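Me: Please take a close look at the metal sites of this model and walk me through how they are built. I would like one connected account rather than a list.

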Amino acid sequence: MADTKQVIQVAVPRPLHSVYDYHIEAEHPVPQVGARLLVPFGRSEVIGICISTEVANPHTSTKAVIEVLDTEAAIAPELLALAQWMQHYYHYPLGEVLATVLPSAARKGTVLEIKPEAPPDLWHLTNANLISPRAKTQQAVVDHLARVGDAQSGEALEAAGFNRSMLRKLEGMGVLIRRAAPTQRQMTGPLAPSDEQQVAINGINAAVGFNVFLLEGVTGSGKTEVYLQSMAAVLGAGKQVLVLVPEIALTPQTLDRFESRFGGTGMVHSGLGEGQRLQTWLRCRAGEIKVLIGTRSAVFTPFKNLGLIIVDEEHDSSYKQQEGLRYSARDLTVKRAQQLDIPLVLGSATPSLESFYNAKRERYRHILLTQRAGGATMPRYQTIDLRGQSLRSGLSDTLIRVIHSHLEANGQVLVYLNRRGFAPTLVCKACGWQNVCSDCDARLTLHRQPEQLICHHCNLRFALPKQCEKCGHHDLLPVGMGTQRAEEGLAELFPDIPLYRIDRDTTRSNAQLNSQLEKIQVGDPCIMVGTQMLAKGHHFPQVTLVAVINADAGFLSPDFRAPERTAQLIVQVAGRAGRAEKQGEVWIQSYQPENPLLQRLISQGYRGFAEAELTSRIQAGLPPAQPMAMLRAESIDPALARDFLSHCKASFESAAKSLHNVTGLDILGPIPAPMARLAKRTRFQLVVLAATRPELHRVLASLGRPKTHHSLRWSIDVDPYDAM
Ligand code: ADP
Ligand code: ZN
Ligand code: ZN
């Protein structure tokens with residue numbers, strides 16, 4: 001005990017026990033809590049985070065810290081507290097949580113220093129004729145700039161999917177030129193709010209301290225204007241604002257609406273390089289960036305003086321990280337707003353049942369926008385009964401007639417399908433055999449151009465079989481509809497109408513998507529056919545008809561969230577119709593149009609649907625009424641995964657017996673996952689439902705970090721988004 005060396009606690013980015021004691025040698029300063037440190041670990045050196053300098057019972061033989069990397073904490077106290085909360089909520093090692101919270105450049109030890117602003121970076125089009133013929137991406141840049149009509153910042157072009165090395169190449173070719181930004185850009189003022197918008201803005205602006213608002217506004221009701229005017233007051237008081245958006249919504253148009261109102265915006269999205277991301281992070285921390293717009297991971301950005309958080313499309317699945325640390329960025333904003341004692345606005349036309357439930361229990365304040373902005377009216381719904389109908393490329397005669405009439409009236413038409421590719425399966429006409437993936441329990445999707453079979457789950461590709469593997473018959477028939485097949489059929493039916501297919505295959509990059517969207521925005525009659533990509537946030541003022549090819553699958557899936565997701569999708573796609581002067585129509589094809597969920601959605605709108613669905617979740621004891629966690633395990637040898645989950649189950653059950661006040665535990669499984677075999681591994685799952693959150697967490701925590709076989713992969717998912 002004579003030893004007085006300074007011992008500190010360090011979290012290292014490793015699983016298992018990720019917190020260790022180290023000592024600081026006399027020549028080093030004692031680090032701040034939250035500072036990065038280089039420490040020896042096993043046979044290597046890692047960068048860890050100092051989490052405590054006052055260690056009650058230090059380990060007797062500690063290793064020395066090699067280097068203290070920060071004088072100021074890299075992880076601010078507020079974010080360290082958030083990370084510690086996540087450690088217990090998501091049952092994940094602290095060192096690895098901290099590794100997620102830090103931007104990757106900081107994780108690797110980059111000096112945390114703001115670099116001077118980059119040279120002028122506004123790109124103009126000078127000579128479009130100089131591009132190489134057939135260079136599609138070059139053409140896309142030119143089209144984009146021609147259409148936007150003025151200079152674009154490198155950042156905006158990057159967000160649109162064009163990387164800087166390509167821009168510089170075009171600069172070298174004389175196609176583009178870079179000029180300094182004008183000192184003042186064209187700013188836009190606030191719109192005169194509608195009565196409903198005004199009530200919403202007043203409510204948010206009057207909030208003092210922690211308050212969560214659920215802004216439920218029908219599609220096209222002007223939620224963005226409410227965000228903007230709520231932000232104005234906060235920015236006026238010298239504070240900063242964080243705006244989270246789903247990945248796909250991060251189009252230059254969205255960014256423009258914020259930038260042209262306030263200036264000084266920064267953004268975080270997947271197209272940013274590590275260095276740029278770190279610079280944005282540092283500028284927010286220093287208070288230089290006033291408004292940060294970002295996707296999921298932006299929730300971990302430090303701010304000097306954050307005054308408001310906004311989450312747009314709060315129901316969107318992209319806020320939930322589906323691997324590693326399975327956090328929900330939306331849920332974390334609630335925690336952060338609470339810690340910082342500031343207001344939070346969750347906005348959506350189709351709120352998640354979680355938020356809806358919280359609003360009903362008056363944990364959140366519910367604000368409604370029931371009218372569309374600018375006088376546009378809500379679209380009208382119609383269903384088409386597919387029973388006994390002969391279809392052409394999945395379209396009934398009625399639907400074909402309706403499409404005709406909308407095109408004739410100069411409207412644009414949007415056709416929605418939930419499957420990319422040509423046809424979801426290839427079936428033997430003689431014996432009914434179907435092509436399945438060699439590595440998964442999944443049917444293969446037929447694709448054209450090039451013709452191949454693709455597994456949408458593991459992405460394996462196969463050549464088309466010449467004959468049935470079971471009976472040898474040569475007649476193999478594509479069954480069902482994919483976007484490629486719909487495109488082919490629509491092209492035959494409407495040969496003179498421009499047709500745009502929008503799905504993951506046609507829009508590999510934001511650049512491709514934006515160039516298609518820009519052509520559509522011109523407003524001439526056209527048909528868009530695509531997947532849920534079309535549903536998200538886009539503003540298509542000229543669309544008067546939305547056609548849903550088939551609404552059935554989603555309402556019949558075994559996943560308890562499937563009806564909610566399907567209703568959200570239908571309402572969001574439908575919301576693209578009639579956003580301007582013209583009345584919009586939504587036609588839904590179905591083999592069971594009398595389905596009560598569909599009927600309720602149509603007759604009472606999303607709210608009526610949500611009320612009913614929430615009631616049935618409460619009755620079934622499912623989230624959000626009861627908290628859920630899902631344990632997943634997978635291995636080549638199925639017994640390994642199943643036995644591991646059985647062991648977990650036994651340990652939860654015995655914990656429930658020995659812990660006080662754990663009564664309402666419900667453990668289902670282990671059962672095979674809905675798709676039991678994926679990429680050669682067999683997957684099992686165990687669902688844990690508890691009466692209350694504290695009970696759930698105490699039971700999960702009782703597991704500790706169990707010993708496992710090296711070839712077993714397993715995870716705990718708290719508040720799982722899908723039961724797949
Ligand atoms: P939401 O996000 O709720 O679907 P948006 O914010 O995209 O709706 O708004 C839809 C359209 O209505 C936009 O073109 C927007 O500029 C317009 N708008 C919003 N508020 C007003 C207003 N108060 N007066 C006129 N137009 C408005
Ligand atoms: Zn056969
Ligand atoms: Zn597969």
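Reply:

**The two zinc sites**

At 0% relative accessibility, Cys455 counts as buried, and this cysteine offers a convenient way into the sites of what is a predicted model. Cys455 is one of the protein donors of the zinc ion (ligand 3), which also include Cys437, Cys440 and Cys458, each contributing its SG atom and lying 2.3 to 2.4 Å from the ion. Cys458, by contrast with the buried Cys455, has a relative accessibility of 22% and is partly exposed, because the buried class is reserved for values under 20%. The four donor atoms make angles of 105 to 116° with one another, and the site of ligand 3 is accordingly classed as tetrahedral. Along the chain, the donors of ligand 3 follow the spacing C-x2-C-x14-C-x2-C.

For orientation when reading such angles, the ideal value at a metal with four tetrahedral donors is 109.5 degrees.

The zinc ion (ligand 2) is likewise held by cysteine sulfur, here the SG atoms of Cys428, Cys431, Cys468 and Cys471, at distances of 2.3 to 2.4 Å. Angles of 106 to 114° among these four donor atoms make the site of ligand 2 tetrahedral. The sequence spacing of its donor residues is C-x2-C-x36-C-x2-C. Within this set, Cys428 belongs to strand β19 (residues 425-428), whereas Cys468 sits in the loop between β22 (461-462) and β23 (476-479), so the pair ties together parts that are 40 residues apart in sequence. Both ends of that link are shielded in the model: Cys428 has a relative accessibility of 2% and counts as buried, and Cys468, at 3%, also counts as buried.

Taken together, the two descriptions can be set side by side as follows.

| Zinc ion | Donor residues | Angles among donors | Spacing |
|---|---|---|---|
| Ligand 2 | Cys428, Cys431, Cys468, Cys471 | 106 to 114° | C-x2-C-x36-C-x2-C |
| Ligand 3 | Cys437, Cys440, Cys455, Cys458 | 105 to 116° | C-x2-C-x14-C-x2-C |

For the accessibility of individual donors, the values to keep in mind are those of Cys428 at 2%, Cys468 at 3% and Cys455 at 0%, which are buried, and that of Cys458 at 22%, which is partly exposed.

Technical notes: Residues numbered from 1 in each chain as written. Chains lettered and ligands numbered in written order. Predicted model: local features only at pLDDT ≥ 70, side-chain atom pairs only at ≥ 80, totals over all residues. Heavy atoms only, no water. Donors = N, O, S within 2.8 Å, 3.2 Å for Na, K, Ca; no water. Tetrahedral: all angles 85-135°; square planar, octahedral: opposite > 155°, others 65-115°. Helix = DSSP H or I, 4+ residues; strand = E, 2+ residues; numbered from the N terminus. Buried < 20%, exposed > 50% of the residue type's maximum accessible area, 1.4 Å probe, protein only.
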